[in-house]
Every structure is written in structure tokens, then in C-alpha cells.
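Here are a few worked exercises to try with the structure open in your viewer. Attempt each task before you read its solution.

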Amino acid sequence: SRMFPRVLESSSLFRGAGEAMVARLMVRMARRLVRAVPGQCIIQEGSFGDEMYVLKSGAVEVAAYDQRLGGPRQLQVLGRGTCFGEVSLVMDARRTTTVRAMDYCELFVLSRADLEEVLARHPESRFAVNASAISPMLRNPAICPAIEGISPEDSDRLGRRFALQPVTLHDGEVVLGAGEAAGCAFLLRSGVVAVEAACLHGGDGAGGVTGSLLYGGYAGSRQGRIRSEPRCFGLVELLSRRRCLWTVRAKGTVSGFQVEGEDLEELFSGSLQQERAMRRFMLLSKSLWLRERSTQA
């Protein structure tokens, strides 16, 4: 289809891709054409997926749950030649919107496996694709509460720094240690990490563990394996120049991205983001202290 190059090049995810890579993506998308009838849900907010869509014909409504309304709020209507769902090609993140067919639709589909095959032949594009996927994650307060309100320009800059350092962790490896100085911030892409809160009354600032949580990839349950959000760890501590409140440990194989403290200093030193991080650190410390007291009572 002649719409393909224009659509993919206009997508932020593929803005830096060369013609050869776009051509290979086109071939793979052309192999998968799906149809939707009016009212059919194509993407459900809160669900997981690993596919993006290009609308060949028809129109779709994009909506998100609004707490004030107590229901979905329409964000936009997309027509022929538009794409959606790109971030799920790179990150194991929940869908942030619901996309529903308003008409009889035909859609081309690209999967994460397709993208990985193409990137294997065009490794020079991997950095740009990862950076473009990371940037909107950084603007999501559920994933990066430490930098809530960050501008698109700053999230793009920080996203490029994260994309420079993809990392793979193995079972038991520690990303951050409670009571230790944070050397980096870590953005979970896939897998599971255990997050253990420090005991604030310990002699070295770590003392012990007061509780733990599982974040990311998969968490076990009797119903099977339940997936959860990516999460960014260490940003609050780095920006506020404080020691870590948590130990973050890999449970199985984990993949993600990291950024060094020097990079954050260069980007945010003296900024509003740093002031917000300091306030958030104090709130987290107080919350842990209160939880510890209630446990001891």
C-alpha cells in the first residue's frame, strides 16, 4: 500500500528508520490484515499487547477512563493511514487507552517478533526505536512518579540517555541496594523484580527488610501468570542525592535500561524535577517510618 512509508515515517517510533527498514516492516505488515466491525474493541485499556496497528480503512475512537466522569472519555478519532499501539512493540506496558472501531475497519498489524526480526538486520536503528518507546513511559506518572510533569522535550532527552544503556539482569542480581548510594536509575522493560523496603532504624540505614513487592513481567497466581507495569527505580534517590530506600532484585531474567547519576545531573541539576524528587523522597521516608512503627506496635 502506498500509504505505508508515510505512515511509518510519521510514527515517532520509526522516525529515524531508514528506507530499507521501513520496506521490510511494510512487507511484514502486509501479511497480516485484520477486520473489525463497528463497536468492536481493538485495544483495551489496562491490557497487555505486543502489536501495533495501521488503519487501512474505516475510523476508530481512542478513549481513556476518566475518574471524574466515572467512565471513558473520548480523546480522539483516528482515520485511514494512522497508527496506534507502537509502544507495546518495545515495552511490556499496559495499554493506556481503549481503541474501538467506529466503522467497518481493515487494519494492518505489526508484532514485536516482526520488529525484532527487522531490527536484527538493521541494528543501527535499535537505539532510535528504543528511545522513542521510552520517552512516553517517562511521562507516565504510574511508571515514573519521580518526574511527574516532565516536558516532552526533557523526556525525549532522558529517553535517549536510557536507550544508550540496555541491560540484562539474571536471577538474584541487585539493581539497587537499600541504604546504599544510588549509582543509576533502572527502567524495567520485561521480567520481574522484587522490591524490598529498608528498615529505617537499622544502624547502616538499611537495617533489614520491612516488606516486599513484585513489579513487572510476571507474578505468580493460582490462575496462571499475571503481568504488571514497567517501573522506574532510583530516580528519586538520584535526583534528591539520597541513599536508596529499597533493594531491587531480579527474579529470573530481567531486561531494562539504565541511566547514570551524571547524566541526570547534567539534565536536571537545579530544576523543578529535582525539587519534586526531594519532596517525594521525604514523603516516601515518612511512609516507610510509619509502616515500620505500625508493624512494631
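The chain holds eight helices and 16 strands. Please keep in mind that this is a predicted model.

**Exercise 1. Overall character**

Task: find what share of the 297 residues counts as buried, and describe the surface and the contacts of the chain.

Solution. Start with burial: 48% of the 297 residues count as buried. Next, take the surface. The accessible area is about 14,700 Å², and carbon and sulfur atoms account for 49% of that area. Finally, look at the contacts with a separation of 6 or more: 76% of them link residues 24 or more positions apart.

**Exercise 2. The sheet with E4**

Task: work out the strand order of the open sheet that contains E4, and say which strands are at its edges.

Solution. Step one is the order, which reads E2-E7-E4-E5, with antiparallel pairing. Step two is the edges: strand E2 (41–43) and strand E5 (71–78) each pair on one side only. From one strand to the next, the twist averages 35°.

Step three is to go through the pairs.

- E2 and strand E7 (residues 98–101) are joined by two bridges, and Cys-41 has Arg-100 of E7 as its bridge partner.
- E7 and E4 share four antiparallel bridges; here Glu-61 is opposite Arg-100.
- E4 and E5 are joined by seven bridges, with Val-60 opposite Leu-78.

Step four is the connection between E4 and E5, a hairpin with four residues between the strands. In its turn, Gly-70 has a positive phi of about 75°.

Why is strand E4 (residues 60–66) described as largely enclosed by the rest of the structure? Five of its seven residues are buried, so the strand is largely enclosed.

**Exercise 3. The sheet with E8**

Task: do the same for the open sheet that contains E8, then find a helix that packs on this sheet.

Solution. The order is E1-E8-E3-E6, and the pairing is antiparallel. Strand E1 (33–36) and E6 are the edge strands; each has a single partner strand, so one side of each has no neighbour in the sheet. For the helix, turn to H2 (residues 19–30), which packs on the sheet and touches strand E3 (51–57) and E8. The direction of H2 makes about 125° with that of E8. Back in the strands, four antiparallel bridges join E1 to strand E8 (residues 105–111); one residue pair to display is Arg-35 opposite Glu-106.

**Exercise 4. The largest pocket**

Task: give the volume of the largest pocket and trace which elements line it.

Solution. The volume is about 880 Å³. The lining has 32 residues, and those closest to the centre are Ser-12, Glu-86, Val-87, Ser-132 and Pro-136. Two or more lining residues come from each of E5, strand E6 (83–84), helix H4 (126–138) and helix H5 (152–163). H4 gives the largest share, seven residues.

**Exercise 5. A residue of H4**

Task: decide whether Val-129 is buried or exposed, and list its contacts beyond its neighbours within four places in sequence.

Solution. Locate Val-129 in helix H4 first. Its relative accessibility is 2%, and buried means under 20%, so Val-129 counts as buried. Leaving aside neighbours within four places, Val-129 is in contact with Leu-13, Phe-14, Met-21, Val-90, Leu-115 and Leu-119. As a check on the last of these, select Leu-119, 10 residues away along the chain: its C-alpha atom is separated from that of Val-129 by 9.2 Å.

Note on methods: Residues are numbered from 1 along each chain as its sequence is written. This is a predicted model: local features need pLDDT of at least 70, side-chain atom pairs count only at pLDDT 80 or more; totals for chains, interfaces and linings use all residues. Side-chain values use heavy atoms; hydrogens and water are left out. Buried means under 20% relative accessible area, exposed over 50%, partly exposed in between (1.4 Å probe, protein chains only). Contact means heavy atoms within 4.5 Å. Accessible areas come from the Shrake-Rupley method with a 1.4 Å probe; for residues, only the protein chains shown count as cover. Two strands pair if DSSP finds at least two bridges between them. Axes are lines fitted to C-alpha atoms, for helices over the stretch in contact, and angles run from 0 to 180 degrees between N-to-C directions. On a 1 Å grid over the protein atoms alone, a cavity is a set of points where a 1.4 Å probe fits but cannot get out, and a pocket is an open set with protein on both sides within 12 Å along at least five of seven lines; lining residues have an atom within 4 Å of a point. Grid points are joined across faces, edges and corners, and a volume is the space filled by probe spheres set on the points.
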